[in-house]
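Trainee: I have a structure open and a list of terms I only half understand. Could we go through them together?
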Amino acid sequence: MAPLMFLGLVLFLLLGYPVAFALAANGLLFAFIGAQLGHFDFALLQALPDRVFGIMSNAVLLAIPFFTFMGLILERSGMAEDLLDTLGQLFGPIRGGLAYAVIFVGALLAATTGVVAASVIAMGLISLPIMLRYGYDTRLAAGVIAASGTLAQIIPPSLVLIVLADQLGASVGDMYKGALVPSLILTALYLGFVFLVATFKPAAAPALPLSARTLRGGALLRKALVSLVPPLALIFLVLGTIFLGIATPTEGGAMGVVGALLLAWANKRLNLDLLRQAMDSTARLTSFVIFILIGSTVFTLVFRGLDGDLWVEGLLTALPGGELGFLIAVNILVFVLAFFLDFFEIAFIIVPLLAPVAQKLGIDLIWFGVLLGINMQTSFMHPPFGFALFYLRSVAPRAVRTSDIYWGAIPFVVVQLIMVGLVLAFPGMVGVDKAEPVDAPVEIQIEDFGGGYNTN
């Protein structure tokens, strides 16, 4: 019944039904069929109300609307424009300078907004025409913008990490700390790729001409301070308070919203229309997440009632290679599924099935979550269904062909896969010592000396 239920879900999704309703309908259908055949206890469905109430009262998930609202406000506050203009002037004299500026701005926006759409659209509207005007290769320009936007999915305060922490039963704060170093290394790898292109193919990433570099000396320094200080202060307000243990991720998100509103007000962009649009988009995304969570809860409850978890565990633990074989197989599975499913679908359908097996194999769940997060980041970059590519296509000039966007994204997908390999090979960058797994069993020896027991 469990394999048939999984195939039934795939069929529902291929028919184009909304994911949340496909999950719930598939679960209820197989609950009825299983009960009729004597393979499922219908009384298990009595747990659904408590599970749904647990989702609605989950304080961790409250961080999602906060960070989404903060990102949407910042997108319209003028911060992205100021950053791109300033860093473009700073890096302008060197080859590939605009591409470096886009990557740095992508990382800064990721650390403040956590929303891929906001980053890709903002940089696509502002940077892409400028890069093309000054002779950048179309594929490189498109790839840099799309890849930099996806940094919002792995650099804290990422929505991906919040959802993964919830699905794995881990701490969001620990997940943020674990993802910090890998996300910075991934950013450095993007910069390294641009450096290689600018070195070996200089015509693809030229320096800005002198006429385009309007700011110099003290004026450029003042502009840089004015543009960089607010987002850096906001990053400390959100991430600094979380890492220092002063605030929970939800409280950090709330403070971030206040900071974003103040920035928008300082730039004279705050008005009722902006607030209405941001609240509408936040409500839509939050409702989307909650409905998928409810649907996945129905699916998971019935799937486990049909011993689906034992079936999946048997499949994965029987793989050759033990823990390493499991990790390689899971990463290949997630990478392939990312061609067809978006992050939320993978997180709510696949991750709950993988987490118990990972825990049984003694894999640290924070490390496992960061590894999956980096892998899932490729789902936004995969041709032909990557959402970052769709966002960029929607704002790119007509002269930019869709095939250029796809080909431009492929090298950065390869870079992301290299990063997956690095996290697998060097788990210490997530702060995990794989040599001594947490919660390792302690051996107890009991010796009988005739008159009593001596325990060691």
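Mentor: Happily; we will take the terms one by one and see what stands behind each.

Mentor: Keep in mind that this is a predicted model.

Trainee: Why is Leu 324 called exposed?

Mentor: Exposed means over 50% relative accessible area. Leu 324 has 52% relative accessibility, so Leu 324 counts as exposed. You will find Leu 324 in helix H15.

Trainee: And why is Leu 108 called buried?

Mentor: The cut-off for buried is under 20%. Leu 108 has a relative accessible area of 15%, so Leu 108 is buried. Leu 108 lies in helix H6.

Trainee: What makes up the surroundings of Leu 108, and which residues does Leu 108 touch?

Mentor: Leaving out residues up to four places away in sequence, Leu 108 touches Leu 83, Leu 228, Leu 232 and Ile 235. A contact here needs heavy atoms within 4.5 Å.

Trainee: How far apart in space are Leu 324 and Leu 424?

Mentor: Their C-alpha atoms are 8.9 Å apart, although 100 residues separate Leu 324 and Leu 424 in sequence. For another pair, take Leu 108 and Ala 219: they are 111 residues apart along the chain, and their C-alpha atoms are separated by 22 Å.

Trainee: How do you know that the length of H15 agrees with what a helix should span?

Mentor: The expected span is 1.5 Å times one less than the number of residues. For the 16 residues of H15 that gives 22 Å, and the end C-alpha atoms are 22 Å apart, so the two agree.

Trainee: What do the same steps give for helix H2 and helix H12?

Mentor: Helix H2 (residues 19–37) has 19 residues and should span 27 Å; its end C-alpha atoms are 27 Å apart, so this agrees. Helix H12 (residues 249–266) has 18 residues and an expected span of 26 Å; its ends are 25 Å apart, which agrees as well. Just after H2, Gly 38 takes a positive phi of about 80 degrees, and just after H12, Lys 268 takes a positive phi of about 60 degrees.

Trainee: Which residues of H15 are buried, and what do they pack against?

Mentor: The buried residues of H15 are Gly 325, Phe 326, Leu 327, Val 330, Asn 331, Val 334 and Phe 335. They pack against H14, H16, H17, helix H18 (365–377) and helix H20 (402–425). For H2, the buried residues include Val 19, Leu 23 and Phe 30, and what covers the buried residues of H2 includes H1, helix H13 (272–305) and H16.

Trainee: What makes a group of residues a nonpolar core, and how many residues has the largest one?

Mentor: Its members must be buried residues of certain nonpolar kinds, joined through side-chain atoms within 4.5 Å. The largest such core has 149 residues, and those with the most contacts inside it are Phe 326, Phe 343, Phe 368 and Leu 392. Helix H6 (residues 97–112) gives the largest share of this core, 12 residues. Beyond its neighbours within four places in sequence, Phe 343 is in contact with Val 160, Val 163, Leu 164, Met 376, Ser 379 and Phe 380.

Trainee: How much space lies in the largest pocket, and which residues are closest to its centre?

Mentor: About 680 Å³ of space lies in the largest pocket. Of the 29 residues that line the pocket, Phe 6, Val 10, Leu 337, Leu 341 and Ile 350 are the closest to its centre. H1 gives the largest share of the lining, seven residues.

Trainee: What classes of residue does the lining have?

Mentor: The lining of the largest pocket has 25 nonpolar, two polar and two charged residues.

Definitions and conventions:
Residues are numbered from 1 along each chain as its sequence is written. This is a predicted model: local features need pLDDT of at least 70, side-chain atom pairs count only at pLDDT 80 or more; totals for chains, interfaces and linings use all residues. Side-chain values use heavy atoms; hydrogens and water are left out. Helices (H or I, at least four residues) and strands (E, at least two) are DSSP runs, numbered from the N terminus. On a 1 Å grid over the protein atoms alone, a cavity is a set of points where a 1.4 Å probe fits but cannot get out, and a pocket is an open set with protein on both sides within 12 Å along at least five of seven lines; lining residues have an atom within 4 Å of a point. Grid points are joined across faces, edges and corners, and a volume is the space filled by probe spheres set on the points. Ala, Val, Leu, Ile, Met, Phe, Trp, Tyr, Cys and Pro count as nonpolar, Asp, Glu, Lys and Arg as charged, and the others, Gly among them, as polar. Buried means under 20% relative accessible area, exposed over 50%, partly exposed in between (1.4 Å probe, protein chains only).
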